[in-house]
Amino acid sequence: MRAIPFLLLLASPIYALPEAPAAKFRAQTLDAKLGIGYGLSIADIDGDGKDDIVLVDAKETVWYRNPDWTKHKMTGALTKLDHVCVAACDIDHDKKAEVAVGAEWNPGDTKNSGAVFTLTAPQDRVEEWVAQQQHREPTVHRMHWVKKAGDQWFLAVLPLHGCNNVNTEGDGIRFLGYEPQKEATKEWPTFLINDQFHLAHNFDPVTWAGTAGDSMLVACKEGVHRVHQQDGAWKATRMTEKGAGEVRLGKLPNGKRMIATIEPFHGNQVAVNPEAESGLWSQKRVLLDDTLAEGHALATADFLGLGYDQLIAGWRKGDKSKKVGIRLYVPTAEDGSAWKLHATVDDNTMSCEDFKVADLNGDGKPDIIAAGRATKNLIVYWNEGS
């Protein structure tokens, strides 16, 4: 494997950080027979106070119960084409998660693909759930539950392309919000969040100071945008210059924020954009790695117990060394102007389609939950560092 360039800036940072402790992760395979393992969500499904793992596979939706990781089927195939995304969250405060699924996945069909379903839980949640079809948009691709002001929630659904687009050109994507209804059989009303993005691959709901409810960072062809409510309307503010496929918000050692990205769409570059007082955050962009092949998963968390965030990135296609995996990067300067590759979490057993970060065993340390596309596996990487 060739050396990874650009991990350290040539100029020495003013405030260098001490060497971070070694990372230690223990891999446990929970499932080795996935179809594709399109998407993951972490939430308490059965109300026992422990986070469970929800996975949307090509032809079924399943959950794995914490801590024995017994697999339970929620749905079979909801459409002829594959499922593609899932969102689970307790939005009604009964300590049990609500679940939604995106399906009818065909990124090449910008006219007739796409489906959205909300699921109704049976009394015994290990039994199959009932699916209610909602309004659809072509190429539905990512969804998250998003918190509004007043502790209310809606389902945000982001397609990959705009309606009738060809080669990512044409009308903007109809990024929609779905308003939950108490009656399970009632169709959820929708509202438009934004219709100006093209080739939008992922988004991250985040808490943003001075804003009531969540903001959303959207990674798209036009760069990362922060979408938030202002004066009763949704506003989009451009944050970075380059097109991106993955985005996460994180905290730097100096307490300021950063926007982490994988660039471009299905890209090879991992980058960090430290907070800027004015203008685009990408004016301070730092390139951490440019050797990924189809980078498809990204997260920020304090894996090493340092009091600030580190970054993990995963890719799903063999790189120049014909390997897939997950890497962990740490800042070496307080202001985020320098980083280094600190650890290889997975070396060629996980072709990342998606991963999530959560403390599954309650030890105070974030674990990594990853689903592999070509490797067809679900693995928990237990954080056992000091």
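Is Lys148 buried, partly exposed or exposed? Lys148 is partly exposed, with a relative accessible area of 23%. Here buried means under 20% relative accessible area and exposed over 50%, with partly exposed in between (1.4 Å probe, protein chains only).

This is a predicted model, in which local features need pLDDT of at least 70 and side-chain atom pairs count only at pLDDT 80 or more, while totals for chains, interfaces and linings use all residues. Residues are numbered from 1 along each chain as its sequence is written, and side-chain values use heavy atoms, with hydrogens and water left out.

## Salt bridges

The whole structure holds 20 salt bridges. The criterion is a side-chain nitrogen of Lys or Arg within 4 Å of a carboxyl oxygen of Asp or Glu. Strands, named below, are DSSP runs (E, at least two residues), numbered from the N terminus; helices would be H or I runs of at least four residues.

Three of the pairs are set out here.

| Pair | N to O distance |
|---|---|
| Glu179 and Lys148 | 3.2 Å |
| Glu353 and Arg316 | 2.9 Å |
| Asp347 and Lys323 | 3.3 Å |

Lys148 meets Glu179 in a salt bridge. This pair links distant parts of the chain, 31 residues apart. Glu179 sits in the loop between β12 (175-178) and β13 (190-194), Lys148 in the loop between β10 (140-147) and β11 (153-159). Glu179 is partly exposed too, at 24% relative accessible area.

Glu353 pairs with Arg316. Glu353 belongs to strand β26 (residues 352-358) and Arg316 to the loop between β23 (310-315) and β24 (325-331), so the salt bridge ties together parts 37 residues apart in sequence. Both residues are buried. The two also belong to a network of salt bridges that links Glu294, Arg316, Glu353 and Arg373.

Asp347 bridges to Lys323. The partners are 24 residues apart: Asp347 is in strand β25 (residues 339-347), Lys323 in the loop between β23 and β24. Asp347 is partly exposed at 47% relative accessibility. Lys323 is partly exposed at 32%.

## Pockets

Pockets and cavities are found on a 1 Å grid over the protein atoms alone. A pocket is an open set of points with protein on both sides within 12 Å along at least five of seven lines; a cavity is a set where a 1.4 Å probe fits but cannot get out. Lining residues have an atom within 4 Å of a point. Grid points are joined across faces, edges and corners, and a volume is the space filled by probe spheres set on the points.

The largest pocket holds about 1000 Å³ of space. Its lining counts 41 residues, with His144, Asp204, Pro205, Arg248 and Lys356 nearest the centre. Strands that each give two or more residues to this lining are β2 (39-43), β6 (85-89), β10, β14 (202-206), β18 (246-251), β22 (295-301) and β26. The largest share, 6 residues, comes from β26. By class, the lining has 23 nonpolar, 8 polar and 10 charged residues. Nonpolar covers Ala, Val, Leu, Ile, Met, Phe, Trp, Tyr, Cys and Pro; charged covers Asp, Glu, Lys and Arg; the others, Gly among them, are polar.

The second largest pocket has a volume of about 570 Å³. It is lined by 26 residues, and Ile91, Asp92, Glu98, Pro180 and Gln181 lie nearest its centre. β7 (98-103) and β8 (115-120) each supply at least two of them. β8 gives the largest share, 3 residues. This lining divides into 11 nonpolar, 6 polar and 9 charged residues.

## The cavity

The count comes to 1 cavity of 30 Å³ or more. Its volume is about 40 Å³. Lys148 returns here as one of the lining residues, alongside Val146, Lys147, Phe154, Ala212, Gly213, Asp214, Gln229 and Trp234. The lining has 4 nonpolar, 2 polar and 3 charged residues.

## Strand β2 and the loop after it

All 5 of the 5 residues of β2 are buried, so the strand is largely enclosed by the rest of the structure. In a regular strand the side chains alternate between the two faces of the sheet. In β2, Gly39, Ser41 and Ala43 point one way, and Leu40 and Ile42 the other.

β2 runs antiparallel to β3, joined by 5 bridges; strands pair if DSSP finds at least two bridges between them. Ile42 has Ile53 as its bridge partner in β3.

Asp46 lies in the loop between β2 and β3 (52-56). Asp46 is buried, at 17% relative accessibility. Beyond its neighbours within four places in sequence, Asp46 is in contact (heavy atoms within 4.5 Å) with Asp52, Trp63, Arg65, Lys96 and Arg125.
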